[in-house]
Amino acid sequence: MTPDVTAFFDKATNTISFVVKDPEGASCAIIDSVLDFDYSSGRTDTKSADDIIAHVQKHDLKVEWILESHVHADHLSAAPYLQEKVGGKIGIGKNITLVQDTFGKVFNEGTEFQRDGSQFDKLFEEGDSFMIGQLRGDVLHTPGHTPACMTYVIGDAAFVGDTLFMPDFGTARCDFPGGSSETLYQSIQKILALPDETRIFVGHDYKAPGRDEYAWETTVGEQKANNVHIGDGADQESFVQMRDSRDATLAMPKLIIPSLQVNMRAGQMPEPDEEGDVFLKVPVNKL
Ligand SMILES: [Fe+2]
């Protein structure tokens with residue numbers, strides 16, 4: 001089956017959110033939504049999420065799923081806001097519990113922060129499948145960028161999150177806590193084992209030398225042939241060496257501190273204080 005895929009590009013964080021629709025019905029899933037956040041003022045905004053809601057309402061879609069490819073470190077998820085407005089079950093990979101454990105410690109969260117993934121409606125494992133109307137989704141566990149990264153293969157389309165990027169940009173970084181370039185290499189082999197004509201939709205795009213337009217759609221065949229990090233049969237050892245040395249030069253994403261605290265809670269803010277005010281923490285010299 002060939003789902004209808006609509007992409008929403010967020011310029012502030014270079015994130016692509018997707019609405020994936022059953023071609024024979026009104027059911028859809030929303031993948032990797034964005035809650036706008038201005039760090040300087042500490043203010044959230046729902047413009048990006050409202051664009052998705054407008055699309056859902058305009059086409060009378062029924063949202064079955066709100067999926068996260070992983071706990072994002074560069075943008076906040078709008079999953080709870082979307083769920084409240086248009087419904088759908090919020091799903092993520094089962095290893096979210098490892099991520100919650102790691103960052104529960106980094107942010108010195110108290111016992112009220114559950115580390116069992118219970119903030120989400122569904123925890124997916126490798127081999128799970130789910131339905132979007134008549135359209136079937138299959139789940140691949142593709143860790144490396146983070147331990148909980150999942151690829152959702154929906155009909156002929158694979159939503160790979162932060163594993164592979166466009167062929168001319170390469171692959172995702174592996175230097176966050178719990179990341180591993182060896183593991184990412186193996187996960188990418190799993191994605192590249194899908195049929196060559198499988199459409200691949202990437203979670204971020206930053207353009208690339210010689211390309212002035214943002215892009216997010218490619219295929220398994222194109223990745224195998226042309227990916228600058230992993231194409232043309234690149235072996236694990238040279239990939240790991242390239243990835244690790246490149247990661248050592250990368251700055252932390254601008255929104256990593258608010259993003260992790262919110263996204264490990266399935267997009268919810270921390271509990272308000274007695275006055276009803278909400279605060280995010282900045283751990284000093286921890287990341
Ligand atoms: Fe990411």
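1. The iron ion takes its protein donors from His 70 (NE2), His 145 (NE2) and Asp 162 (OD), which lie 2.1 to 2.3 Å from the metal. The model is a predicted one, and these distances should be read with that in mind. Water is not among the atoms, so the site may look incomplete.

2. Along the sequence, the donor residues of the iron ion follow the spacing H-x74-H-x16-D. His 70 sits in the loop between β6 and α2 (79-86), while His 145 sits in the loop between β10 (135-141) and β11 (150-154); the pair therefore ties together parts that are 75 residues apart in sequence. Both His 70 and His 145 are buried.

3. The strand that precedes the loop of His 70, β6, belongs to an open sheet of six strands. The order in this sheet is β1-β2-β3-β6-β7-β8, and the pairing is mixed. At the edges are β1 (4-10) and β8 (122-124), each of which pairs on one side only. From one strand to the next, the twist averages 25°.

4. Within the sheet, β3 (residues 27-31) and β6 (residues 62-67) are paired over five bridges, in the parallel sense. Which residue of β6 stands opposite Ile 30? The partner is Ile 66.

5. A helix covers part of this sheet. Helix α1 (residues 47-58) lies across β1, β2 (15-21), β3 and β6. Relative to β1, helix α1 runs at about 160°. Two of the strands under discussion, β3 and β6, thus appear both in the parallel pair and among the strands that α1 lies across.

6. As a whole, the chain contains seven helices and 14 strands. Its radius of gyration is 18 Å, close to the 19 Å that the globule rule gives for 287 residues, so the chain is as compact as a globular protein of that length. Taken along the principal axes, the C-alpha atoms fill a box of roughly 60 × 45 × 35 Å.

7. Burial and contacts complete the picture. Of the 287 residues in the chain, 54% are buried; His 70 and His 145 are among the buried residues. When contacts between residues at least 6 apart in sequence are considered, 65% of them join residues at least 24 apart.

8. The accessible surface of the chain comes to about 12800 Å². Carbon and sulfur atoms account for 48% of that surface.

Terms used: Residues are numbered from 1 along each chain as its sequence is written. This is a predicted model: local features need pLDDT of at least 70, side-chain atom pairs count only at pLDDT 80 or more; totals for chains, interfaces and linings use all residues. Side-chain values use heavy atoms; hydrogens and water are left out. Two strands pair if DSSP finds at least two bridges between them. Helices (H or I, at least four residues) and strands (E, at least two) are DSSP runs, numbered from the N terminus. Axes are lines fitted to C-alpha atoms, for helices over the stretch in contact, and angles run from 0 to 180 degrees between N-to-C directions. Contact means heavy atoms within 4.5 Å. Donors are N, O and S atoms within 2.8 Å of the metal (3.2 Å for Na, K and Ca); water is not among the atoms, so sites may look incomplete. Buried means under 20% relative accessible area, exposed over 50%, partly exposed in between (1.4 Å probe, protein chains only). The radius of gyration is taken over C-alpha atoms; the globule rule is 2.2 Å times the number of residues to the power 0.38. Accessible areas come from the Shrake-Rupley method with a 1.4 Å probe; for residues, only the protein chains shown count as cover.
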